[in-house]
Amino acid sequence: MQNKKISVFDTTLRDGEQTPGVSLTSSQKLEIAHQLDKLGVDMIEAGFPISSEGDKESVKSISNAGLDSVVCGLARVLTKDIDACFESDVGLVHTFVPTSDVQRVYTIKKSREEVVELAVKAVEYIKDHGLKCMFSAMDATRTEPAYMLEVFKAVQDAGCDIINVPDTVGVMSPSAMCRMIKDVAKEIRIPIDVHCHNDFGLAVANSLMAVEAGASQVQVTINGIGERAGNADLSQTVMGLTAIYGAKTNIRTEYLVETSKMIENYTGVRLPPNTPVVGQNAFSHESGIHSHGVLEKSDTFEPGIMTPEMVGHRRRIVLGKHTGTHAVKTSLESAGIKANEKQLEEIVCKIKEIANKGKQITDADLFAVTSAVLGKASSEEELIKLKEVSVMTGNILTPTAVVKASIGGKEVIAANTGLGPVDAALKAVRDILGERNRFKLQEFRIDAISGGADALADVYIGLENEKGRIVTARAANPDIVMASVEALVNAMNLLYKDKT
Ligand code: KIV
Ligand code: ZN
């Protein structure tokens, strides 16, 4: 596996869009395709052109976007499906037919011989039109092995360029996958691709095992989205292949986090914080022992072969009930605040008290506690003091917000519009800073504390300044707009205090 070149086939825009509840607009799909191209995926499965005129148009616009990645369209083994791919100007047609008895009998209702015939005809039709062709034996892993090989050999003889082995319902174990791909590789000369679903959480492991056994291409999606429990996650598969196995891909891994965030935003499918590689906690440390170790040398409690920089992430020391003085001292020093041993111990003690009440500690909490311990009134130091916020919204007007604040003692008013009242208010808050507004919103989360329409909105914000320093702050208010505005102002005030 060392230095073996693996091709990455991304199906976020096809299988990924089949995630229940996910629907992307054509312009979002085009933007995602550009991002996948920037990420360096070898092939982009842009959609299933026969499924709708809209999908066909969307695939066509991606095909003609001048990307380096090869653009692929999906087609059943039917002439009309393949024609729709041709009309979408794709460079590769991915044609598929079910081969397992259960799918063959209950879905397409064809005999085994008819399936072979349809598959061969489809491949010949694609090749006669001068296009590259990939063939999938759908539900391959539940297909009788001898029959699966018969189908693959037939399409290979018909001129197919790549065969794909889909684990359609995610039932393989890594060792079974290894045996199956070895058997296929003994009989097949053309490149072998795998498409693993995640029904038992084994999609990435099965993809890695398939590569170890002879596959040279993996089908993946960003954030592992896809039918049911999804597909093999691109970031985990690529980092597994490269960092653990030493294989090579064309992926520019420094864009992994950025790409993951784009998909999270456009699909609305949020990642759990403990998601490997790109999740919020992938390089976060809270316990005193771990934080201390990582601050001395990051490899102590991180893989080392995968660093946050490699995947476009950041290392974070998170304060909580397991925090030690070392982490608090480092956080304060990075904001230019010095505290002696006794003060540090008191700050840590108070941080733990808050955390023990089940609250996530933000930088705003840390600095509020520190100000109290050091005997400084934190609000007096604040540059921005909010005076008034008013928002107009409704079904016939564009949400508009007006914010009045005093900045360093000078009164400033700003107004802006947005997609919703929160968006408008946050834009207006940023406008009050004029030239000084050089912050990037890294994280924005709204939670409802308690249920019901009168629930308290709890807003958590991560804000980054131009030096790359990120601070976190939160605010709770029964009014969702006020909670958002207060959290943003808290975060801005913290960044202005930054002395680094
Ligand atoms: O899961 C599957 O089998 C598929 C095929 C179309 C490859 O998505
Ligand atoms: Zn699939």
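User: What makes an axis here, and how do helix 7 and helix 8 cross?

Analyst: Axes are lines fitted to C-alpha atoms, for helices over the stretch in contact. This is a predicted model. In it, the axes of helix 7 (residues 174-187) and helix 8 (residues 203-213) come within 8 Å and cross at roughly 35°. Helix 7 passes helix 8 in a right-handed crossing.

User: Which residues make the contact?

Analyst: Contact means heavy atoms within 4.5 Å. Helix 7 brings Pro174, Met177, Cys178, Ile181, Lys182 and Ala185. Helix 8 answers with Ala205, Asn206, Met209, Ala210 and Ala213. By class, that contact has nine nonpolar, one polar and one charged residues.

User: Why is the pair of ligand 1 and the side chain of Arg14 called a polar contact?

Analyst: The cut-off for a pair of N or O atoms is 3.5 Å. An oxygen atom of ligand 1 is 3.0 Å from an N or O atom in the Arg14 side chain, so the pair qualifies. For the side chain of Asp15, the value is 3.1 Å. His195 also has a side-chain N or O atom 3.1 Å from a ligand 1 oxygen.

User: How much of ligand 1 does the protein cover?

Analyst: The protein covers 94% of the 260 Å² of accessible area that ligand 1 has on its own. Strand 4 (92-98), strand 5 (132-138) and strand 6 (162-167) each give two or more residues to the shell.

User: What classes make up that shell?

Analyst: Its residues divide into three nonpolar, six polar and two charged. Among them are His94, Phe96, Ser136 and Met138.

Notes
Residues are numbered from 1 along each chain as its sequence is written. Chains are lettered from A and ligands numbered from 1 in the order in which they are written. This is a predicted model: local features need pLDDT of at least 70, side-chain atom pairs count only at pLDDT 80 or more; totals for chains, interfaces and linings use all residues. Side-chain values use heavy atoms; hydrogens and water are left out. Axes are lines fitted to C-alpha atoms, for helices over the stretch in contact, and angles run from 0 to 180 degrees between N-to-C directions. Helices (H or I, at least four residues) and strands (E, at least two) are DSSP runs, numbered from the N terminus. A crossing is left-handed if the near helix is turned anticlockwise from the far one by less than a right angle, and right-handed if clockwise. Ala, Val, Leu, Ile, Met, Phe, Trp, Tyr, Cys and Pro count as nonpolar, Asp, Glu, Lys and Arg as charged, and the others, Gly among them, as polar. A residue is near a molecule or strand if one of its heavy atoms lies within 4 Å of it. A polar contact is a pair of N or O atoms within 3.5 Å; within protein, one must be able to donate a hydrogen and the other to accept it, and residues adjacent in sequence count only if both atoms are side-chain atoms. Accessible areas come from the Shrake-Rupley method with a 1.4 Å probe; for residues, only the protein chains shown count as cover.
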